[in-house]
Amino acid sequence: MLTTDRIGGSALCLLALFVMWESRTLPLGTWRQPGPAYFPVLLAALLLILGALVWAMGGGAAPVAGVGWGEARQALVILAVSAFICFGLERLGYRLTMLAALLFLVWLVERKNLLAAAVFAFALSFGSYYLFDTLLRVPLPRGPFGI
């Protein structure tokens with residue numbers, strides 16, 4: 001039977017395989033000196049394992065035919081924010097684009113407290129930039145004023 005968890009697990013596995021395929025052009029490096037592809041491949045392998053687990057254990061989930069369109073509006077908003085991220089990364093830079101997208105999603109879509117949403121968005125956007133750009137040396141786009 002086709003269930004929501006089986007479709008979700010399959011999608012996660014396909015995404016993991018896509019990331020591994022796209023990372024093949026970058027140097028993998030070694031355990032002591034990881035290259036730019038090391039962390040994405042490591043995360044993709046973890047995603048592949050977890051996606052396979054979701055698929056394997058998803059037989060008892062709700063059938064796909066029973067899923068309604070009640071969440072369609074929220075899905076469209078998330079898709080629009082994803083499009084904003086695609087167009088904004090090179091123009092605004094990673095940190096400002098992710099800060100705006102996360103603040104919009106957490107504050108306006110999820111209706112969380114403004115202060116909590118701002119702290120979460122700031123920590124995630126600047127923290128992930130520090131992790132990838134500074135520590136792992138994966139160059140991320142910089143925006144105006146070098147932000």
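In this predicted model, the crossing of helix 3 and helix 4 is right-handed. Helix 3 spans residues 72-92 and helix 4 spans residues 94-109, and their axes approach to within 8 Å while crossing at roughly 160°. Angles over 145 degrees count as roughly antiparallel, and helix 3 and helix 4 are therefore roughly antiparallel to each other. On the helix 3 side, the contact is made by Gln74, Val77, Ile78, Val81, Phe84, Ile85, Gly88, Leu89 and Leu92. Their partners in helix 4 are Tyr94, Leu96, Thr97, Met98, Ala100, Ala101, Phe104, Leu105 and Val109. Sorted by class, this contact holds 15 nonpolar and three polar residues, with no charged ones.

Threonine 97 offers a good place to look at this pairing in detail. This residue belongs to helix 4, and threonine 97 counts as buried because its relative accessibility is 0%. Setting aside residues up to four places away in sequence, threonine 97 touches Phe84, Ile85, Gly88, Leu89 and Leu92. These five residues are also listed among the helix 3 residues that meet helix 4.

Helix 4 has a further partner in helix 5, residues 114-135. The axes of helix 4 and helix 5 come within 8 Å, with a crossing angle of roughly 150°. That angle makes helix 4 roughly antiparallel to helix 5. Here too the crossing is right-handed. From helix 4, the residues taking part are Tyr94, Arg95, Met98, Leu99, Leu102, Leu103, Val106 and Trp107. They meet Leu114, Ala117, Ala118, Phe120, Ala121, Phe122, Leu124, Ser125, Phe126, Ser128 and Tyr129 of helix 5. The contact of helix 4 with helix 5 divides into 16 nonpolar residues, two polar and one charged. Tyr94 and Met98 of helix 4 appear both in the contact with helix 3 and in the contact with helix 5.

Closer to the N terminus, helix 1 (residues 4-22) pairs with helix 2 (residues 38-56). Their axes come within 8 Å and cross at roughly 160°, and helix 1 and helix 2 are therefore roughly antiparallel to each other. The crossing of helix 1 and helix 2 is left-handed, whereas that of helix 3 and helix 4 is right-handed. Helix 1 contributes Asp5, Arg6, Gly9, Ser10, Leu12, Cys13, Leu15, Ala16, Leu17, Val19 and Met20. Facing them in helix 2 are Pro40, Val41, Ala44, Ala45, Leu47, Leu48, Gly51, Ala52, Val54, Trp55 and Ala56. By class, the contact of helix 1 with helix 2 comprises 17 nonpolar, three polar and two charged residues.

Isoleucine 7 is also part of helix 1. With 39% relative accessibility, isoleucine 7 counts as partly exposed. Apart from neighbours within four places in sequence, isoleucine 7 is in contact with Leu2 and Val64. Isoleucine 7 and alanine 118 are separated by 111 residues in sequence and by 33 Å in space, C-alpha to C-alpha. Alanine 118 is one of the helix 5 residues that meet helix 4.

The cysteines may be of interest at the bench. Cysteine 13, one of the helix 1 residues that meet helix 2, counts as buried because its relative accessibility is 16%. Cysteine 86, by contrast, counts as exposed because its relative accessibility is 60%. A search of the whole structure finds zero disulfides.

Two arginines stand out in their backbone geometry. Most residues other than glycine have a negative phi. Arginine 111, however, has a positive phi near 55°. This residue sits in the loop between helix 4 and helix 5, and arginine 111 counts as exposed because its relative accessibility is 67%. Arginine 137 likewise has a positive phi, about 60°, although it is not a glycine. Arginine 137 lies in the segment after helix 5 and counts as exposed at 69% relative accessibility.

Taken as a whole, the protein chain contains five helices and zero strands, in the order α-α-α-α-α from the N terminus on. Its C-alpha atoms fill a box of roughly 50 × 40 × 25 Å along the principal axes. Of the 147 residues in the protein chain, 21% count as buried. Among contacts between residues at least 6 apart in sequence, 58% join residues at least 24 apart.

Terms used. Residues are numbered from 1 along each chain as its sequence is written. This is a predicted model: local features need pLDDT of at least 70, side-chain atom pairs count only at pLDDT 80 or more; totals for chains, interfaces and linings use all residues. Side-chain values use heavy atoms; hydrogens and water are left out. Axes are lines fitted to C-alpha atoms, for helices over the stretch in contact, and angles run from 0 to 180 degrees between N-to-C directions. Helices (H or I, at least four residues) and strands (E, at least two) are DSSP runs, numbered from the N terminus. Angles under 35 degrees count as roughly parallel, over 145 as roughly antiparallel, 65 to 115 as roughly perpendicular and the rest as oblique. A crossing is left-handed if the near helix is turned anticlockwise from the far one by less than a right angle, and right-handed if clockwise. Contact means heavy atoms within 4.5 Å. Ala, Val, Leu, Ile, Met, Phe, Trp, Tyr, Cys and Pro count as nonpolar, Asp, Glu, Lys and Arg as charged, and the others, Gly among them, as polar. A disulfide is a pair of cysteine sulfur atoms within 2.5 Å. Buried means under 20% relative accessible area, exposed over 50%, partly exposed in between (1.4 Å probe, protein chains only).
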